[in-house]
Structures are given as structure tokens and as C-alpha cells.
Amino acid sequence: MAVRSTAVPKDEAAAADKAAAAEAVAVNAAVAAEAAKDAALTLPEILSKLDRVHTFTMVAVLDNGSRDSCPTADGTLAFFTDPQDAKVALAELKAKYETSGVEKALLDIEIVPLGRAFAITQGLMGLKSPVPAKLVFSKAIVAVEGEQGVPPELRSRMAGTGPFPVFLSIGLDSQAIMPVFLSRDDLADAWAKRGHPLEDLGQSVIVTDLRTLVGETLNKVAGWRSLVFVQPRAAMELARAILKQNALASALVQGGQLLEKVKERVALEDGDAPPPLA
């Protein structure tokens, strides 16, 4: 009687090995992804997350339309999270310039992402201001919250700047998103939209300081990947207006450049202009 061979053909064995290798790669990738969720963030990563929020700073508008950073009336390069604070600072700066004979129209407000503003004021990522720089959180909110978000043992060391209160809630946290608010009112609004009773909000609110939170994301293993900084509602209107203004200015510049090119082409075709150099 003939004995049937149980050997696996070479092509089937190769395919099985390839499938096993692909499965191993997928498993390793999944494990790495899960580990990354609970890893500390790098400095560029946390600054990128902060950049979702706008701050407002003073600028001088030059004759060519470009905008240069400009110190406030007290001589510091300030970044405001509250549009009202920025508008007050602009009015004070215009009043100061007016006494010096400088036109008010040369001064305006510009957007700077919070991550960049934080890096400049804290001297991170090689960014440094030629003049003293400061980050200014909403003065109205700071007046109410005080330093409760700053750890008591760090208050004397952090007294020179800030405070920078931020608000979180365990009830709004999930695996997908961990929202961080710059306003208690914005947190309450998000809480209500989730269908939670406002009377249950108080016990779940966590108040901390931005510097403390950033330090924890850099040094502690936790689910920081889901951290999302939420743009304050109060800042949205001014931010939209500035972005619209900048888009219009950019379009006008591009239109002017295009018009100049058309003029040059018409002049060249009419023989009124010398041909371009080879």
C-alpha cells in the first residue's frame, strides 16, 4: 500500500509564514498604540495641543501691510486669552501712541496660538522675546479663581507670572477626549449639553494651573493623547473677525501682485517695456 505524504507544499508554507509575520506586526502595532495612549507627551506634542486655542497680541501695521509684534503700554509683549482684555490693552496703547504723534490706525490686534505664546513666555523650544513677555489669562476669571489652581508649595515660585487657571471635569472625560477649558462657564455649558444636571457639576470640577498641567503631561504616564484644549466662547467672535480680515488682506495682496503681472505683460506685448533679461 502506498503511503500518502503529509508534507506541506513550499508555496503554502511560505504563505502561512507571511500571514503569521503580518499578524505579529499587527499585534505589535496594536500593543504600541495602547502603550502610546498612556505615555507622557513630548514638549512639541503638548504645545501643538495648546495651539488649538487663540491668544491675542498687539501689532504695528507697516506700510506694506505686514504686521510686527508690538509691546503693550507697559512695555511687555503680552498674549491675552480674553478678547476684552486685549481690546483694553489696545486702547491704552493707542492712547500712548497718540500722545507721541503716532497714528492710531497703525496699531491692531493679531492672533497667536496659545502653544507658541506659552513657549515664548516660558522660554521653551528656543523661542525668546527681545522684550519681557507675559501670558495673560482672563483678568475677570483670575479675579474670581485666584491661585486655587496653583499647588500651595509652588505659589511663591510661580508668583511672578500667572495664574493660568484651567478647568476639567471627570464627568466630561472619556477614552476619546479629555476637554480642558479656560472658563468655568464654558465647562458648565459643555456639562449641560451632555445632559448632566448643573447641580451635580460642582463636585466634579478640577481647577489646576496651565503650567502644572503641562508639567504633568511631560512627566507622568497617563492618557494625555485624549487631551483637548477648548477655545473660549468669548474669544471666538474676535478670532473669526481677525482671521477674516487677514484672509481679505492676503487676497488683496495677491490681487495686487496679479494686477502688476498683467500690467507688465500688457506693456511687454505693446512694446512699452523692455523684454525680461535671459
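Here are some friendly notes on this predicted model, taken point by point.

1. **The chain overall.** Nine helices and nine strands make up the secondary structure of the chain. The chain has 278 residues, and 33% of them count as buried. If you look at contacts between residues at least 6 apart in sequence, 67% join residues at least 24 apart.

2. **The largest pocket.** A good place to start is the largest pocket, which holds about 280 Å³ of space. Its lining has 18 residues, and the closest to the pocket's centre are Asp82, Ser138, Ile141, Leu182 and Ser183. Three helices each supply at least two lining residues: H5 (139-145), H7 (184-193) and H9 (233-269). The largest share comes from H5, with four residues. By residue type, the lining of this pocket divides into nine nonpolar, six charged and three polar residues.

3. **The second largest pocket.** This one has a volume of about 170 Å³. The residues that line the second largest pocket are Leu168, Ser169, Ile170, Asp173, Met178, Ile206, Thr208, Thr212, Leu213 and Glu216. Strand E6 (165-169), strand E8 (205-209) and helix H8 (210-219) are the elements that give two or more residues to this lining. H8 gives the most, with three residues. Sorted by type, the lining of the second largest pocket has five nonpolar, three polar and two charged residues.

4. **The cavity.** Searching the whole structure turns up one cavity of 30 Å³ or more. The space in the largest cavity comes to about 30 Å³. Around the largest cavity you will find Glu147, Val150, Arg155, Met158, Ala159, Thr161, Gly162, Pro163 and Arg211. Four residues of this lining are nonpolar, two are polar and three are charged.

5. **A cis peptide bond in that lining.** Two of the cavity's lining residues, Gly162 and Pro163, deserve a second look. The peptide bond from Gly162 to Pro163 is cis, with omega near 0°. Pro163 sits in the loop between helix H6 (155-158) and E6, and E6 is one of the elements that give two or more residues to the lining of the second largest pocket.

6. **Helix H2 and its buried face.** In helix H2 (residues 43-50), the buried residues are Ile46, Leu47, Lys49 and Leu50. Viewed down the axis of H2, these buried residues fall within an arc of 155°, so they line one face of the helix. As a reminder, an α-helix has 3.6 residues a turn, so residues three or four places apart point the same way. What do the buried residues of H2 pack against? Their partners are helix H4 (114-122), H8 and strand E9 (227-229). Please note that Lys49 is among the buried residues of H2.

7. **Ser48 in the same stretch.** Ser48 also lies in helix H2. Ser48 counts as partly exposed because its relative accessibility is 47%, and partly exposed covers the range between 20% and 50%. The C-alpha atoms of Ser48 and Gly115 are separated by 6.2 Å, although the two residues are 67 places apart along the chain.

8. **Strand E3.** Here the side chains alternate: Leu77 and Phe79 point one way from strand E3 (residues 77-80), while Ala78 and Phe80 point the other way. Buried or exposed? All of these residues are buried. E3 pairs with strand E5 (residues 133-136) in the parallel sense, over four bridges. Within this pairing, Phe80 stands opposite Val136 in E5.

9. **Ala73, ahead of E3.** Ala73 has its place in the loop between strand E2 (67-69) and E3. With a relative accessibility of 29%, Ala73 counts as partly exposed. Leaving aside residues up to four places away in sequence, Ala73 touches Glu92, Leu93 and Lys96. The C-alpha atoms of Ala73 and Lys94 are separated by 8.5 Å, and these residues are 21 apart along the chain.

10. **Met125 and its backbone.** One last residue for your list is Met125, which has a positive phi of about 55° although it is not a glycine. Where is Met125 placed? It belongs to the loop between H4 and E5. At 48% relative accessibility, Met125 counts as partly exposed.

Key: Residues are numbered from 1 along each chain as its sequence is written. This is a predicted model: local features need pLDDT of at least 70, side-chain atom pairs count only at pLDDT 80 or more; totals for chains, interfaces and linings use all residues. Side-chain values use heavy atoms; hydrogens and water are left out. On a 1 Å grid over the protein atoms alone, a cavity is a set of points where a 1.4 Å probe fits but cannot get out, and a pocket is an open set with protein on both sides within 12 Å along at least five of seven lines; lining residues have an atom within 4 Å of a point. Grid points are joined across faces, edges and corners, and a volume is the space filled by probe spheres set on the points. Ala, Val, Leu, Ile, Met, Phe, Trp, Tyr, Cys and Pro count as nonpolar, Asp, Glu, Lys and Arg as charged, and the others, Gly among them, as polar. Buried means under 20% relative accessible area, exposed over 50%, partly exposed in between (1.4 Å probe, protein chains only). The arc is that of the directions from the helix axis to the C-beta atoms. Contact means heavy atoms within 4.5 Å. Two strands pair if DSSP finds at least two bridges between them.
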